[in-house]
Number of protein chains: 2
Amino acid sequence: MNTFVDADPGLQRSRRRDAEQNRLAILRAAGAVLNRDPDASLDAIAAAAGLSRRALYGHFATRDDLIRSLLAHRVREVLAAVDRIEHPDPPALLALIGVTLWRQVESVRVMAQFALRGPFQHELSYGLQPLRDRVKHAVTVGAQTGRIRDDIDSATLARLVEGAVLSVLDEATRFPMDAATGERLVALSVLAILGYDAAGARALIAETPELRS
Amino acid sequence: MNTFVDADPGLQRSRRRDAEQNRLAILRAAGAVLNRDPDASLDAIAAAAGLSRRALYGHFATRDDLIRSLLAHRVREVLAAVDRIEHPDPPALLALIGVTLWRQVESVRVMAQFALRGPFQHELSYGLQPLRDRVKHAVTVGAQTGRIRDDIDSATLARLVEGAVLSVLDEATRFPMDAATGERLVALSVLAILGYDAAGARALIAETPELRS
DNA sequence: CGTAAGTTGCACATCCGTGTGCAGGTTCGG
DNA sequence: CCGAACCTGCACACGGATGTGCAACTTACG
């Protein structure tokens, strides 16, 4: 339960290694199960992790604690992945961000599910703020430089870009598709919302090496 | 409970008029409340309708019965509204359908919420099939006649159109917007996904009188 | 190999929502 | 104005999920 083991190594015996494995297994199972049903019981999650429900309480005090940990974990992953992306051209940058989110489908979807309702809404959207800011900034700059449509308020357009990505992720969940198809669809959808027609979007993808998977 | 009152008027005294009012109030309240939280309790719904929970059971046998009635009701409304739409040009038709759905935000959103998970998924998607078929057909024809992009499989594109509409409805729920803005946004989003750039979409809207609100 | 960490299974209390029964009140409608 | 239809408030049974306590077992690790 306490991550700071090194703090007081005095008389205590160290944390068992398999316990940490189980903790991760639970988080992994929680991601998978809650993605299908955000109201799934702890029993279902524990079972999916190959543990008993009782054991779960050895790692997480409450259900909320588990979900909170899961979300925090996934938010870190996603933000780290997005942070690595750089591109001078706003629309290309946004398409790249979309593609990156596609590669983290499960994390993104589970976050989206808890971002709408439940006790974690605000906490979560606070954690995702950096990502949102980046999208908004890219949209704004792109609109000013004429690379992105300016007939829609940039704050709104930024949220529509979010929506476009989630839309494709939903589609992928209901009708499984291979990685290449998914990435292409995300890029096309994002560029479409940003104001590119089909040919223009394809051209931009073709001339952006990072978008050629 | 029984809608077919006229069937056996013999010895029975007729249904009280205010009871039917209450039934409708419950359905209306259910739509509003379940839109915010699909797991809201019957208590919350009854309260929103200005009735006691106990009275609710006089109109609907079970929770499922209530939700089923609500969805059936809304599906009928939406399908009827969409049925009235006609337009020879596929992209314009799809934009019009989107705008019509926008005018039924609450119904559409509540349906979307129960279309994903829960016991009504299949039943609901069965009821909405005519709408889906129409969208798919328009997309297919549009792609064949060169009015709509053909670089995305038409079944997939049809579902992305759905997603685009829902995306705007979500946006409208979180950041309320006036009717005109909403209709414009829906039309632009749908056309964007169909392969139109910003200018092209605006042009198509301008030359389609039914899309000028 | 011994000990502590970890897991299991069970029992139990608790909470919350659903669905039902019933007595008593209010209101519509003939 | 009478009676039936409707609503209320309360009680209760029930199921499902959460969270806790405890004894017994298994496993990792020094």
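In the predicted model, a side-chain N or O atom of His59(A) lies 3.2 Å from a phosphate oxygen of DNA strand C. Two further side chains of chain A approach the phosphates of this strand: a polar atom of Asn22(A) is placed 2.4 Å from a phosphate oxygen, and one of Ser52(A) is placed 2.8 Å from a phosphate oxygen. Asn22(A) and Ser52(A) also belong, with Arg16(A), Arg54(B) and Arg63(B), to the residues that come nearest among the 24 around DNA strand C. Of the atoms of DNA strand C that come within 4 Å of the protein, 56% are from sugar and phosphate. The surface near DNA strand C comprises 10 charged, eight polar and six nonpolar residues. At least two of its residues are supplied by each of H1 and H3 of chain A and H1 and H3 of chain B.

DNA strand D is surrounded by 23 residues, of which Arg54(A), Arg63(A), Arg16(B), Asn22(B) and Ser52(B) are the closest. Sugar and phosphate make up 52% of the atoms of DNA strand D that come within 4 Å of the protein. A base of this strand is approached by Arg53(A), with a polar side-chain atom 3.0 Å from a base nitrogen. Contacts to phosphate oxygens of DNA strand D include one from a polar backbone atom of Arg17(A), at 3.1 Å, and one from a polar side-chain atom of His59(B), at 3.3 Å. Two or more residues of the surface near DNA strand D are given by each of helix H1 (17-36) and helix H3 (53-56) in chain A, and by each of helix H1 (17-36) and helix H3 (53-56) in chain B. By class, this surface has 11 charged, six polar and six nonpolar residues.

Chain A and chain B each contribute 29 residues to the contact between them. About 2,400 Å² is buried between the two chains, with 54% of it on carbon and sulfur atoms. On the side of chain A, Arg117(A), Asp151(A) and Arg159(A) lose the most area to chain B, together 20% of what that side buries. Six salt bridges are found across the interface; one of them joins the side chains of Asp151(A) and Arg202(B), at 2.9 Å from N to O. Polar contacts across the interface link 10 residue pairs, both residues at pLDDT 80 or more. Helix H9 (154-174), helix H10 (179-194) and helix H11 (198-206) of chain A each supply at least two residues of the side that touches chain B, and the largest share, nine residues, comes from H9(A). This side of chain A has 13 nonpolar, 11 charged and five polar residues.

Technical notes: Residues numbered from 1 in each chain as written. Chains lettered and ligands numbered in written order. Predicted model: local features only at pLDDT ≥ 70, side-chain atom pairs only at ≥ 80, totals over all residues. Heavy atoms only, no water. Near = heavy atom within 4 Å. Polar contact = N/O pair within 3.5 Å; in protein donor to acceptor, adjacent residues only side chain to side chain. Helix = DSSP H or I, 4+ residues; strand = E, 2+ residues; numbered from the N terminus. Nonpolar A, V, L, I, M, F, W, Y, C, P; charged D, E, K, R; others polar. Contact = heavy atoms within 4.5 Å. Buried area = accessible area lost by both parts, 1.4 Å probe. Salt bridge = Lys/Arg side-chain N within 4 Å of Asp/Glu carboxyl O.
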